[in-house]
Amino acid sequence: MKLGQLLTGIDFYADKSLLDREVADIKINSLEIKEGDVFVALKGINHDGNHYFNDAFEKGAVAIISDEADGEDIVKVDDARVAYSLISKNFFGRACDELKIVAVTGTNGKTTTTSLISEILNGSGCKTGLIGTEGVKYNGKHIDTGFTTPDPYTLHKVFKQMKDEGIEYVVMEASAHAIALKKLAGVKFDVGVLTNITEDHLDYFGDMDTYAQTKLSFFNRENMTLGIVCADDDYAKYLFVEADVPILSYGIENPSDTFAINLKGDFDHTAFECNCLEEIFPIKTNLVGRYNVENTLAAITVCRALGLPAGLIQANLRYINAVEGRFNVVRCKGFNVVIDYAHTPDGLEKVINTAREMTKGRLIILFGCGGNRDRLKRKIMGKIASENSDKVYVTSDNPRYEKPMDIISEIEEGINCEHETIENREAAIIKALSDCEEGDTLIIAGKGGEKYQDIMGVKHPYNDFDVVHKFFRDQIVEIKGGEYEH
């Protein structure tokens with residue numbers, strides 16, 4: 001593809017002689033450049049691509065795209081990140097324009113909501129692809145991208161692959177980082193969903209207002225045709241007045257276009273009456289908890305907006321199980337173990353409140369906090385755990401480049417109840433399981449279905465399900481929503 005074609009739709013300044021140059025590929029890492037590539041100079045946290053022009057040319061780059069420099073062999077643009085997204089789109093044939101795409105953003109609930117939408121669509125005969133925390137899934141394929149929202153090159157490459165294999169719908173998670181870094185520039189979503197905005201990622205965004213405004217800024221006519229937001233979220237209410245895109249709402253507590261009444265549930269399922277755009281029908285789902293009712297309402301609203309009949313949505317929801325690591329219930333002899341990905345204050349509180357409603361005995365919480373991430377939430381999560389449980393176990397969870405005991409100490413600053421500190425996560429889980437009695441519920445939070453512990457840059461094989469399964473190898477009578485079934 002010629003450079004001029006690659007730059008379609010982008011305002012730029014460059015010598016006309018550059019535009020006829022053939023481009024072999026697009027690179028943002030100068031170490032990966034090969035003969036004929038174009039190099040996009042992006043500013044990162046640790047590196048600035050504008051410092052690597054010489055390396056790029058020495059390796060054979062035909063041109064450099066930058067929002068800082070101009071000159072011979074350089075294409076000057078207003079925003080290099082936007083340009084990177086748009087040239088990636090052009091390079092892969094603008095495949096996203098031929099797909100119906102749904103984006104879900106929010107602090108919590110993205111993975112469950114996207115999974116529900118995808119499974120309802122697939123179950124209704126619509127060929128659907130899924131992109132998110134669990135990787136890329138379509139037509140029986142699974143690709144691990146390493147990001148909740150892949151970088152633009154990978155994203156548009158996936159769009160092209162999906163289109164070529166007959167995919168009609170794509171449901172994807174849109175992270176706050178992806179929005180801030182303009183990874184989604186040039187993609188027009190049929191529907192955008194906002195689940196909630198609660199504290200997370202303040203190590204990157206600095207404060208809640210900046211974090212919230214990043215997510216809210218996504219909801220405009222340039223990015224989507226229709227917005228769907230949770231009416232029970234304080235930040236989301238801003239969009240009812242300020243968004244320049246049509247908005248539908250869903251919720252439980254506040255008036256909404258889609259809402260639920262007569263909620264009933266236990267550790268096995270949840271049932272409620274759904275009113276979606278004045279159409280009333282009963283829902284029974286294998287997902288547990290009020291927050292999963294909200295996720296389900298979001299999925300129902302999206303699918304109705306895409307034209308699926310209520311009866312088809314209702315039928316599909318009956319057979320969809322929880323995403324691995326999202327309130328998976330392990331039934332042991334006399335007590336329950338809940339394994340959940342909750343790693344934010346709001347997420348932890350919702351899981352605790354859900355389990356508390358169904359627990360006859362003690363509620364025991366085991367969790368840790370990730371290293372090199374938002375430190376402010378550690379004390380808050382310690383406080384939430386201690387105020388809403390009977391006993392707390394504090395342990396390690398992806399310490400990365402921090403000392404695990406330093407993280408644990410910051411969590412303990414918020415704890416004011418009986419608790420135990422056991423740095424080794426496997427040992428902590430075994431101790432907590434040993435302490436459980438008839439009627440108790442043990443919540444193992446933070447990692448969910450993750451298959452590793454991230455320690456000093458190395459991802460060591462590890463999984464909470466494996467630890468629980470090993471401990472109760474001969475005692476597990478049922479596992480609901482997990483990967484082990486007996």
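Where is Leu277 found? Leu277 sits in the loop between strand 15 (270–276) and strand 16 (279–285). The model is predicted, and the angles below were computed from it.

**Two residues with positive phi**

Leu277 is not a glycine, yet its phi is positive, about 55 degrees. Asp73 is another residue other than glycine with a positive phi, near 70 degrees. Asp73 lies in the loop between strand 4 (63–66) and strand 5 (74–77).

How accessible are these residues? The table adds Lys27, a residue of strand 2 (residues 26–27).

| Residue | Relative accessible area | Class |
|---|---|---|
| Lys27 | 13% | buried |
| Asp73 | 19% | buried |
| Leu277 | 40% | partly exposed |

Buried means under 20% relative accessible area, so Asp73 at 19% counts as buried.

**Around Lys27**

Which residues does Lys27 contact, leaving aside its neighbours within four places in sequence? They are Glu32, Ile33, Lys34, Asp37, Val38, Phe39 and Val40. With Glu32 there is a polar detail: its backbone oxygen lies 3.0 Å from a polar atom of the Lys27 side chain.

**The sheet**

Strands of a sheet pair through backbone hydrogen bonds, either parallel or antiparallel. Here, an open sheet has 11 strands with mixed pairing. Their order is 9-8-7-10-6-11-12-13-14-15-16. Strand 9 (141–143) and strand 16 are the edge strands, and each pairs on one side only. On average, neighbouring strands are turned by 15 degrees against each other, direction ignored.

Take one pair inside this order. Strand 12 (residues 224–230) and strand 13 (residues 247–251) run parallel, joined by 4 bridges. Gly227 has Ile247 in strand 13 as its bridge partner.

Helices pack on the sheet too. Helix 5 (residues 152–164) touches several strands, including strand 7 (128–132) and strand 9. The direction of helix 5 makes about 165 degrees with that of strand 7. Helix 10 also packs on the sheet, and strand 6, strand 12 and strand 15 are among the strands it touches. The direction of helix 10 makes about 40 degrees with that of strand 15.

**Helix against helix**

Two packed helices are described by the angle between their axes and the distance between the axes. The axes of helix 10 (residues 290–305) and helix 12 (residues 345–358) come within 8 Å. They cross at roughly 115 degrees. The two helices are therefore roughly perpendicular to each other.

Which residues of helix 10 meet helix 12? Arg290, Tyr291 and Glu294 do, and their partners are Lys350, Val351, Thr354 and Glu357. The contact residues divide into 2 nonpolar, 1 polar and 4 charged.

Definitions and conventions:
Residues numbered from 1 in each chain as written. Predicted model: local features only at pLDDT ≥ 70, side-chain atom pairs only at ≥ 80, totals over all residues. Heavy atoms only, no water. Axes fitted to C-alpha atoms, helices over the stretch in contact; angles between N-to-C directions. Parallel < 35°, antiparallel > 145°, perpendicular 65-115°, else oblique. Contact = heavy atoms within 4.5 Å. Nonpolar A, V, L, I, M, F, W, Y, C, P; charged D, E, K, R; others polar. Buried < 20%, exposed > 50% of the residue type's maximum accessible area, 1.4 Å probe, protein only. Polar contact = N/O pair within 3.5 Å; in protein donor to acceptor, adjacent residues only side chain to side chain. Pairing = 2+ DSSP bridges.
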